[in-house]
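Here is an informal walk through the fold and a few backbone oddities. Have the viewer open while you read.

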Amino acid sequence: MVTKVTKARTGQPTLEEVAALAGVGRGTVSRVINNSPRVKDTTRHLVEQAIAQLGYIPNRAARALAGSRTDAVALVIPETEKRFFAEPYFSDIVHGVGDALADTDLQLLLTLVRNEKERQRFLQYARARRIDGVLLVSVHGDDPLPDLLAGMELPTVLSGRRSGDESVSYVDSDNVGGARAAVRHLAESGRRTIGTITGPLDMYVAQCRLRGYEEAVRAAPGAGGHGPGGPLVAHGDFTEESGRRAMAELLAREPDLDAVFAASDVMAVGALHTLRSLGRRVPEDVAVVGFDDSPISRHTDPQLTTVRQPVEEMGRTMARVLLETLNDSSAAWQHVVLRTELVRRASG
């Protein structure tokens, strides 16, 4: 007769024992513990059963010490306080990120990087490994932060991207398609002289929305984006004041302008102010369409037709992508583009 001898357990069960009992890898167990969405329900159930059977208790403090983890991530916004508090986009991103991190033990640190001195201060903070990862919002094309963080091998996820061949993980909206839908709507509504107010063209998001405008104008029979003075494009910087100035510029160049696509709701609000001050009726004389579907679009007079981008979902997705990278450092870069939708209201 053969007697099976079972070695008595010493100490707490380990992550490896949970993985062995569930028949999965160590990384899968870690993802389940950290509520990653990248685990199938059946696999999650097996891991949870193994955890319950073994009485495994995740020790975040021990795991943080072993992996030099701080359990903190930085949400970095390279903009001024004035713009941060004026634009609903940023608060929606923060809300989405916070929502995604609510059930984790991660601390979220909000950091504004307004100049070179503050950039260097943040980089020093990051090099000291006081954070586990970075969520970077409102990135301009010449911003060195993404590459510097990648050089530190610090997990980073961008909101938007710097170019069409961005290598760092990012979450973006279909900016070209959204702008194209907005201008197509104006043309199909009978508008024939359609201008646009761009965002700052050192940002890829603004370039994409301009490209969508240009594609739609070229494709629309009978409509045009050129006046006697050339292309009906005026440049803004996503602020309300720039929308006011750009709208005045477009009307000075083309008094018969009958529609404008503004690359953000905030600039569209500025355009509405200028039109009202010059006695132009909206939408009877000039139709106006914005982009973002921020709360401000529902409080203008008239209410603003706009392109909805799921900003809170972008924030949630950014946080989820970062969590997956923190749980599996070998994971590939992720490039996520979310759908946009035209929301028709009274302005155009």
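## Backbone oddities first

Pro 283 sits in the loop that runs between α12 (265–277) and β11. The bond joining Val 282 to Pro 283 is a cis peptide, with omega at about 10°. Keep in mind that this is a predicted model. A second cis peptide bond links Asp 301 and Pro 302, with omega about 0°, and Pro 302 belongs to the loop between β11 and β12.

For context, most peptide bonds are trans, and most residues other than glycine have a negative phi. Two residues with positive phi are worth a look:

| Residue | Phi | Citation |
|---|---|---|
| Glu 153 | near 60° | |
| Asp 293 | about 55° | |

Glu 153 is in the loop between α8 (145–151) and β4 (156–159), while Asp 293 is in the loop between β11 and β12. Are they buried or exposed? Glu 153 is exposed, at 69% relative accessible area. Asp 293 is buried, at 11%; the cut-off for buried is under 20%.

## The sheet and what lies on it

Six strands make up an open, mixed sheet, ordered β9-β6-β10-β11-β12-β14. The edges are taken by β9 (233–235) and β14 (341–343); each has a single partner strand, so one side of each has no neighbour in the sheet. On average, neighbouring strands are turned by 20° against each other, ignoring direction.

Within that order, β11 (residues 287–292) and β12 (residues 305–308) run parallel and are joined by four bridges. One residue to click on is Val 289, whose bridge partner in β12 is Thr 305.

Two helices lie across parts of this sheet. Helix α10 (residues 204–219) lies across β6 (194–198), β9, β10 (259–262) and β11, at about 175° to β6. Helix α11 (residues 240–253) lies across β6, β9 and β10, at about 150° to β9.

## Other helices

How do α1 and α2 cross, and at roughly what angle? The axes of α1 (residues 15–22) and α2 (residues 26–33) come within 8 Å and cross at roughly 105°, which makes the two helices roughly perpendicular. On the α1 side, Leu 15, Glu 16, Val 18 and Ala 19 meet Arg 26, Val 29 and Ile 33 of α2. Sorted by class, that contact has five nonpolar, two charged and no polar residues.

Finally, take α13 (residues 311–327). Its 17 residues, at 1.5 Å a residue, should span 24 Å, and the end C-alpha atoms are 25 Å apart, so the two agree. Of those 17 residues, 13 are buried, so α13 is largely enclosed by the rest of the structure.

How values were computed
Residues are numbered from 1 along each chain as its sequence is written. This is a predicted model: local features need pLDDT of at least 70, side-chain atom pairs count only at pLDDT 80 or more; totals for chains, interfaces and linings use all residues. Side-chain values use heavy atoms; hydrogens and water are left out. Two strands pair if DSSP finds at least two bridges between them. Axes are lines fitted to C-alpha atoms, for helices over the stretch in contact, and angles run from 0 to 180 degrees between N-to-C directions. Contact means heavy atoms within 4.5 Å. Angles under 35 degrees count as roughly parallel, over 145 as roughly antiparallel, 65 to 115 as roughly perpendicular and the rest as oblique. Ala, Val, Leu, Ile, Met, Phe, Trp, Tyr, Cys and Pro count as nonpolar, Asp, Glu, Lys and Arg as charged, and the others, Gly among them, as polar. The expected span of a helix is 1.5 Å times one less than its number of residues. Buried means under 20% relative accessible area, exposed over 50%, partly exposed in between (1.4 Å probe, protein chains only).
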